[in-house]
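These are my notebook entries on what I looked up in this structure, written down in the order in which I went through it.

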Amino acid sequence: MKLCSLASGSSGNCTFVGSSHANILVDAGVSGKKIEYGLSCIDVKPADLEGILITHEHSDHIQGIGVLARRYHTPIYGTKETLQAISRMKNMGDIPSELFRPVLPDEGFYISDILVEPFSTSHDAVNPVCYTFTSEGHKIGMATDLGVYDDYIISKLSGSEILLMEANHDENMLLAGAYPYYLKQRILGERGHLSNENSGRLIGRILHDKICHITLAHLSRENNFEDLAYETVRLELNKVISDNAYSLKTDSLLSVAKRDVPSEMLCTV
């Protein structure tokens, strides 16, 4: 299995997940043109996408969905409430209703040879989910836009060999920054976003000897930067690796997804 972040950040998110037989997008939060360019960089034709999985209805996750759906007739998967919210948005344009494919949290389904398993997350959207992907004995886990994590989230992501994990903000930067008070409280709240510190703690709960790639995602432009997120999470993980005698090295394991250009293609071993 393979994963490539085509765009990642509070301004737009789109991730490619693939197997031997299937090509999937998770979210389409940048323009259709940028998504087409990103796919061309990894030699995937937009017409060959089997589906677009939507985590929730915020604009940084759905901006390009209308263009792709109309141009390539690509099925769109999301919870019923998410799809209903998208269908009511006038700026999305007309999306044929037959392209909408409702999913339920905790009920897996197949897209070609990939088992897709949606799971609920804590975020200020109507019924948000994230996804794991399993094919040929390999698993990819993704978790962004969650204010808190618990044993349920950990159980869903456990066993992932590739992990895309939110590291949205540095708490000190956020608190000292220019955002209004209500927005700071939203981001820090239980339906907001994971800080760098909490991202590292969550990854530490999922860490195992066979994990091969961890990429940090959904970084805030205003309240974070790549080196800070990387170093904060690296320090958290080094504690876990040392305490559990894992044969892992964070320098080769950990990366940060790029904001505006495709990142490295990550593949299971």
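I began with two aromatic residues, Tyr77 and Phe109, and noted that both are buried. I kept in mind that I am reading a predicted model. A search of the whole structure gave me two aromatic pairs, and Tyr77 with Phe109 is a stacked one, with 5.3 Å from centre to centre and 15° between the planes. I then checked where the partners sit, and found Tyr77 in strand 5 and Phe109 in strand 7 (residues 109–111), so that the pair links parts of the chain that are 32 residues apart.

Next I turned to Tyr131 and Phe133, whose ring centres are 6.3 Å apart and whose planes stand at 35°. I recorded this pair as tilted, because an angle that is neither under 30 degrees nor over 60 falls into that class. Are these two residues buried or exposed? Tyr131 has a relative accessible area of 1% and is buried, and Phe133, at 0%, counts as buried as well.

I also looked up Thr132, which is found in strand 9 (residues 129–135). Its relative accessibility is 2%, and because buried means under 20%, I entered Thr132 as buried. Leaving out residues up to four places away in sequence, I listed what Thr132 touches, including Leu115, Phe119, Ile140 and Leu157.

My following entry concerns the sheet, which is open and has seven strands in the order 6-5-4-3-2-1-14, with mixed pairing. Its edge strands are strand 6 (100–103) and strand 14 (266–267), each of which pairs on one side only. Strand 1 (residues 2–7) and strand 14 run antiparallel and are joined by two bridges, and I found Leu3 standing opposite Leu266 of strand 14. Helix 1 (residues 32–41) packs on this sheet, touching strands 1, 2 and 3, and its direction makes about 140° with that of strand 1. I saw, too, that helix 4 (residues 80–87) lies across strand 5 and strand 6, running at about 115° to strand 5.

Last, I asked which residues have the most contacts inside the largest nonpolar core. This core has 29 residues, and the ones I was looking for are Met165, Ile203, Leu207, Ile214 and Leu216. Several elements each supply at least two residues of it, among them helix 5 (151–157), strand 11 (162–166) and helix 8 (196–206), while helix 9 gives the most, with six residues. For Ile203, again leaving out residues up to four places away in sequence, I noted contacts with Leu163, Met165, Ile214, Leu216, Val233 and Leu237. Another core, of 26 residues, lies apart from this one, and Phe16, Ala28, Ile52 and Leu68 are among its members.

Key
Residues are numbered from 1 along each chain as its sequence is written. This is a predicted model: local features need pLDDT of at least 70, side-chain atom pairs count only at pLDDT 80 or more; totals for chains, interfaces and linings use all residues. Side-chain values use heavy atoms; hydrogens and water are left out. Helices (H or I, at least four residues) and strands (E, at least two) are DSSP runs, numbered from the N terminus. Buried means under 20% relative accessible area, exposed over 50%, partly exposed in between (1.4 Å probe, protein chains only). Contact means heavy atoms within 4.5 Å. A nonpolar core is a set of buried Ala, Val, Leu, Ile, Met, Phe, Trp, Tyr and Cys residues joined through side-chain atoms within 4.5 Å. Two strands pair if DSSP finds at least two bridges between them. Axes are lines fitted to C-alpha atoms, for helices over the stretch in contact, and angles run from 0 to 180 degrees between N-to-C directions. Rings of Phe, Tyr and Trp (its six-membered ring) pair if their centres lie within 6.5 Å; planes under 30 degrees apart count as stacked, over 60 as edge-to-face and the rest as tilted.
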